Amino acid sequence: IGAYAFTSMDKLTSISIPRYVNRIGQRAFYGCTNLTQINLTPFVDAIGEYAFYHCKGITSLPIPKKVKKIAAGTFMGCSQLPDAIVPEGVTSIASLAFADCINVTDVRIPSSVTFISGSTFTNCPKLTNISVASGNEYYTSPGGVLYTKDMKQLMLYPALLTNEQYSIPEGTEQVRQSAFYAANQLKEITFPQGCDSIGSGAFSE
């Protein structure tokens with residue numbers, strides 16, 4: 001399916017992809033705000049950037065097993081998604097992939113993921129927990145907070161985690177871009193010695 005194929009078809013509610021289609025182009029369903037059901041075949045192995053941008057009606061992730069990369073902005077603004085359960089086999093999650101998914105409460109990262117952009121989950125104000133599979137060699141999630149495996153980078157603190165106080169662990173050197181975005185429950189944050197880098201928008205609302 002080519003780029004922009006169904007862009008802004010706001011009356012489209014359901015689509016079943018033909019069996020042998022293997023790629024969904026960038027912005028293919030961009031702005032299909034009433035799309036609620038997407039049936040992708042197991043043959044799809046690539047989904048382009050912003051393919052499902054602002055598809056506000058979808059409630060589950062249509063990611064076939066052959067897809068290895070979730071591209072930039074793929075599910076940005078999918079405001080009815082209740083969670084972001086990334087399937088095993090995905091290796092990379094690009095910038096803004098789940099940004100503005102305002103009803104996502106739970107994120108689950110499989111062992112196969114080796115790269116997550118710092119802005120992947122920007123503005124997910126109801127996010128309460130992040131879980132990384134124990135076998136993942138690149139990321140971890142102590143207390144529901146996303147870190148790199150070596151704990152040197154704090155990637156994301158869930159906005160709706162109910163703590164009023166949080167101590168960043170010793171050994172953490174960097175707080176990534178948008179890491180505490182909209183974490184309005186927090187009243188106090190303690191930084192360890194040696195934390196010498198705070199990314200852009202790390203504590204913005």
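The following exchange asks how the labels given to parts of this predicted model follow from their cut-offs.

User: What makes Phe52 and Phe75 a stacked aromatic pair?

Analyst: Rings of Phe, Tyr and Trp (its six-membered ring) pair if their centres lie within 6.5 Å, and planes under 30 degrees apart count as stacked, over 60 as edge-to-face and the rest as tilted. Phe52 and Phe75 lie 5.7 Å centre to centre with 10 degrees between the planes, so both criteria are met. Phe98 and Phe121, at 5.4 Å and 10 degrees, are likewise stacked.

User: Are Phe98 and Phe121 buried or exposed?

Analyst: Both Phe98 and Phe121 are buried, which means under 20% relative accessible area, where exposed is over 50% and partly exposed lies in between (1.4 Å probe, protein chains only).

User: Why is one side of β6 and of β10 left without a neighbour in the sheet?

Analyst: The open sheet has the order β6-β8-β10 with parallel pairing, and β6 (83-85) and β10 (129-132) stand at its edges, each with a single partner strand, so one side of each has no neighbour there. Strands are DSSP runs (E, at least two residues) numbered from the N terminus, and two of them pair if DSSP finds at least two bridges between them. Four bridges join β8 (residues 106-109) to β10, so this criterion is satisfied.

User: On what basis do these values rest, and which residues and atoms count?

Analyst: Local features need pLDDT of at least 70, and side-chain atom pairs count only at pLDDT 80 or more, while totals for chains, interfaces and linings use all residues. Residues are numbered from 1 along each chain as its sequence is written, and side-chain values use heavy atoms, leaving out hydrogens and water.
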